[in-house]
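Please examine the sequence and the structure shown here before reading on. The account below is intended for a reader who has not met this structure before.

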Amino acid sequence: MDEKVKWTNLTKADIAAELVKKGFKVSRNIVKKLLKKHDYVKRKPFKNIAAGSHVNRNAQFERIAELRTSYEAAGNPVVSVDTRKGAHWQSIA
């Protein structure tokens, strides 16, 4: 990635809404013109560090397992969410 490129992952509507909160009266069209004038491009953020590299990763999963066991023992429902692309919600009773 070119570090000289200026970019944002916010939508024009998001930027306009934040400016309005700060007292500026702007529209998405004005934001579009300003971004173009100042050479900003729209870009999605990306992850460049693998999720499995965190030092406490295993401890996190062990804690989740402990919580799940205690919640189930108390008769509470547990919801498992897989955040990988194309994953679906699963309800575990």
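The following paragraphs pass from the overall fold to the surface charge, the salt bridges and one unusual backbone position.

The model discussed here is a predicted one. The protein contains three helices and four strands. Followed along the sequence, these elements come in the order β-α-α-β-α-β-β. A reader who traces the chain in the structure can therefore expect two helices in succession after the opening strand, and two strands in succession at the end of the pattern.

Some overall values describe how the chain is arranged. The protein has 93 residues, of which 6% count as buried. Its exposed area is about 8,700 Å², and carbon and sulfur atoms supply 56% of that area. Contacts across the sequence can be considered as well: among those between residues at least 6 apart, 42% join residues at least 24 apart.

The surface carries a patch of positive charge. Which residues gather in this patch? They are K12, R28, K32, K33, K36, K42 and K44. Helix α2, which spans residues 28–37, gives the most to the patch, contributing four residues. One of the residues of the patch is R28, which is found in helix α2. R28 counts as exposed because its relative accessibility is 56%, and the cut-off for that class is over 50%.

Another member of the positive patch is K12, which lies in helix α1. With a relative accessible area of 38%, K12 is partly exposed. Where does the chain meet K12 again, once its neighbours within four places in sequence are left aside? K12 is then in contact with R28, V31, K32 and L35. For one of these partners, V31, a backbone distance can be given: the C-alpha atoms of K12 and V31 are separated by 6.0 Å, although the two residues are 19 apart along the chain. Two of the contact partners, R28 and K32, also belong to the positive patch, as K12 does.

Opposite charges also meet in this model. How many salt bridges does a search of the whole structure find? The search finds three.

One of them is in helix α1, which covers residues 12–21. Here the side chains of E18 and K21 meet, with an N to O distance of 3.2 Å. E18 and K21 are three residues apart in the helix, so about one helical turn separates them. Their exposure can be stated individually: E18 is partly exposed, at a relative accessible area of 39%, whereas K21 counts as exposed, at 64% relative accessibility.

Helix α3, residues 57–73, holds the pair R63 and E66. These residues form a salt bridge in which the closest N and O atoms are 3.3 Å apart. R63 and E66 are three residues apart in helix α3, so they too are separated by about one helical turn. R63 counts as partly exposed at 46% relative accessibility, and E66 is partly exposed with a relative accessible area of 47%.

The pair R68 and E72 also lies in helix α3. The side chains of R68 and E72 meet in a salt bridge with an N to O distance of 3.4 Å. In this case the residues are four apart in the helix, and the separation is again about one helical turn. R68 counts as partly exposed at 36% relative accessibility, as does E72 at 34%.

One further position concerns the backbone. D39 has a positive phi of about 60°, although D39 is not a glycine. Where along the chain is D39 found? D39 is in the loop between α2 and β2, the latter being residues 40–42. D39 is exposed, because its relative accessible area is 56% and the class begins at values over 50%.

Definitions and conventions: Residues numbered from 1 in each chain as written. Predicted model: local features only at pLDDT ≥ 70, side-chain atom pairs only at ≥ 80, totals over all residues. Heavy atoms only, no water. Buried < 20%, exposed > 50% of the residue type's maximum accessible area, 1.4 Å probe, protein only. Contact = heavy atoms within 4.5 Å. Areas by Shrake-Rupley, 256 points an atom, 1.4 Å probe, with all protein chains shown as cover. Patch = residues over 30% accessible without salt bridge, like charges linked within 9 Å, V, L, I, M, F, W, Y side chains within 5 Å. Salt bridge = Lys/Arg side-chain N within 4 Å of Asp/Glu carboxyl O. Lys, Arg positive; Asp, Glu negative; His and termini not counted. Charge placed at Lys NZ, Arg CZ, Asp CG, Glu CD.
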